[in-house]
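Here is a short briefing to read alongside the model. Have the viewer open and follow the bullets in any order you like.

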Amino acid sequence: MAEEVAGTVKCPVCAGDFTSSEINSHLDKCLDQGRKSEDELQASAGPPAKKSRVSSEAKSGSGAGTSGAEVKPKRPPGGVFSMFDTKKSFLSSGQTATEGMPLDTVSPSNAHVRATLPVSDSGTRKRSDEAEALNQRLLNSDKPLAEKMRPSTLEEYFGQNKVLGEHTLLRALLQSQEVPSLILWGPPGCGKTTLAHIIASSSKKKGTARFVTLSATSTSTNEVREVIKQAQNELRLCKRKTILFIDEIHRFNKSQQDTFLPHVECGTITLIGATTENPSFQVNSALLSRCRVLVLEKLSVSAMSSILRRAVDSLGLIVLPDDGSGPGCSAEGQVCIEQKALDTIAHLCDGDARSALNGLQLAVQACVNKTLNAETHTPQTTVVQEDHVKEGLQRSHILYDKAGEEHYNCISALHKSMRGSDENAALYWLGRMLEGGEDPLYVARRLVRFASEDVGLADPAALPQAVSAFQACHFIGMPECEVILAQCVLYLARAPKSVEAYKAYNNVKACLRNHKGPLPPVPLHLRNAPTKLMKELGYAKGYKYNPAFNGPVDQEYLPEELRGIKFFTWTPSD
């Protein structure tokens, strides 16, 4: 490092004294001359020498000596020695420092170039800088847009006013830092993890609690026990509680969930669990009783529009209204998006904010990449349209989990729509299941069941129809069998309904389950008598063979205790 003495700087190579404005250019020449001398001594034995770091124009303007009387170079001093400037480009003979250099590539190491540009180009430079900044935001993002736009306060949290509105009890508790143990239940992208991060951010700012995040997909029981041990120490030494957030808590089995029970009970930790599955089935009932279940709904279209508008503003995009009013998209480097494209995202994302934001990011990045200037690497005027958005999202999201609650919800809706003879709704729920990836054979089996349970004796042909549909689905599979299932669903929805057989058999089951004591024996006259001994014991004695009589036969077929019961009209007692 050069040493500064009495307003001058000593060169570390030749030990000459120079002013601060001269030292940088002198170091370039001094090092270059030393390199040339070394090359002459080594001849061809050493590696090839590097190209000169200064232009011929700079050389012609300075002398060869190392004294302080050297002619000053024309360029202003830089903030870094040239020997350490790794971004300096090699200039050909006769080429000035500004020739061939795009305006948007001026870096701190060559800031002197920008200072020498004409004042008349200031508008161009400004537009270029803005385009470059936008380019960096759109194309060089190191994380998904959904993660970058994650709200940090309740004021930025949209779409869950029913449980977190201005005057709700839970919002008041969160604002007062009295956070209860919660199970956040809702579909993907509705804000479960975001709400947990808002609670964490608020707790860290006020220092009221320590926040720990774990994921049930990658956390072992030992890690959970270690966090609980740290929470106990934190409470004992610092009098500070620990909020433990478990993402995908339904991934923990029952024994792992039991680990939390005593510590949630005594207040060592405040548990916040997030799940997309029904906690009634996936979370331990003992743990569930110690937490408040917060049901988060799918985000509405209006909430999605607010979230997307916030993201568009942060990216610096210009929204083009449908009616053509407002500012246009004529300036070079501007990136615009049609309002219709935003509305399409809000409708197609099915209430999933994560999918909407990442779909927006994908569409914008694709459009900007298509219009990049090959020389300046800055985007030209770009308009993101509805077709670009649809291409990014591919198709509407269908929330459907073949092993989760939505599976049972949809099949229940299909069954009840057919029972109510609403063929329109029945077709919708069938399509919802098949397009969501449901096994067509599962649907066909349910239709066979429906044919007997709800249509029954009112239309005995319904059962063969359903069985035929099942066999056809088994033969040809999806997607060809979808119309077969649709035909069967329509037939069953339009058919007359009768639950006579279904209710009568349920009465029989209730009778058997409610019977006190041993079940009554089969009457002797109804028993089979294949051997001599059984005939001697009275088996089949007194049985009247019905075909041997011309009319109805007066004969009892129920055990004596149940005679007179009509299961079609009988009502089981409690």
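Is E423 buried, partly exposed or exposed? E423 is partly exposed, with a relative accessible area of 30%; here buried means under 20% relative accessible area, exposed over 50%, and partly exposed in between (1.4 Å probe, protein chains only). This is a predicted model, in which local features need pLDDT of at least 70 and side-chain atom pairs count only at pLDDT 80 or more, while totals for chains, interfaces and linings use all residues. Residues are numbered from 1 along each chain as its sequence is written, and side-chain values use heavy atoms, with hydrogens and water left out.

**The chain as a whole**

- The secondary structure comes to 24 helices and 11 strands; helices (H or I, at least four residues) and strands (E, at least two) are DSSP runs, numbered from the N terminus.
- The chain has 574 residues, and buried residues make up 39% of them.
- About 32500 Å² of the chain is exposed, with carbon and sulfur atoms supplying 53% of that area; accessible areas come from the Shrake-Rupley method with a 1.4 Å probe, and for residues only the protein chains shown count as cover.
- Of the contacts between residues at least 6 apart in sequence, 68% join residues at least 24 apart, where contact means heavy atoms within 4.5 Å.

**Salt bridges**

- Side chains of opposite charge can pair when their charged atoms come close.
- The structure holds 15 salt bridges, each defined as a side-chain nitrogen of Lys or Arg within 4 Å of a carboxyl oxygen of Asp or Glu.
- R494 forms a salt bridge with E423, with the closest N and O atoms 2.9 Å apart. R494 lies in helix α22 (residues 482-494) and E423 in helix α19, so the pair ties together parts that are 71 residues apart in sequence. R494 is exposed, at 58% relative accessible area.
- R310 forms a salt bridge with E156, and their closest N and O atoms are 3.4 Å apart. Because R310 sits in helix α14 (residues 301-315) and E156 in the loop between α5 (145-148) and α6 (161-164), this pair ties together parts 154 residues apart in sequence. R310 is partly exposed at 26% relative accessibility, and E156 is partly exposed at 28%.
- K340 forms a salt bridge with E386, with 3.4 Å between the closest N and O atoms. The pair links helix α15 (residues 339-348), home of K340, with helix α17 (residues 386-393), home of E386, across 46 residues. K340 is partly exposed at 44% relative accessible area, whereas E386 counts as buried at 16%.
- R419, R449, E453 and D454 are linked in a network of salt bridges.

**Helix packing and contacts**

- Helix α19 (residues 423-435) and helix α20 (residues 440-455) pack at an angle of about 150°, with their axes 10 Å apart; axes are lines fitted to C-alpha atoms, for helices over the stretch in contact, and angles run from 0 to 180 degrees between N-to-C directions.
- α19 and α20 are therefore roughly antiparallel to each other, a term for angles over 145 degrees (under 35 is roughly parallel, 65 to 115 roughly perpendicular, and the rest oblique).
- L430, M433 and L434 of α19 meet P440, Y442 and V443 of α20 in this contact.
- T344, found in helix α15, is buried with a relative accessible area of 9%. Leaving aside neighbours within four places in sequence, T344 is in contact with E386, V389 and K390.
- L320, in strand β9 (residues 318-320), counts as buried at 16% relative accessibility. The C-alpha atoms of L320 and I337 are separated by 6.0 Å, with their positions 17 residues apart along the chain.

**Backbone details worth a look**

- The peptide bond from M478 to P479 is cis, with omega near 5°, and P479 lies in the loop between α21 (462-476) and α22.
- E248 has a positive phi of about 55° although it is not a glycine. E248 is found in the loop between β6 (241-247) and α10 (254-258) and is partly exposed at 23% relative accessibility.
- S421 also has a positive phi, near 60°, in a residue other than glycine. S421 sits in the loop between α18 (405-419) and α19, and is partly exposed at 40% relative accessible area.
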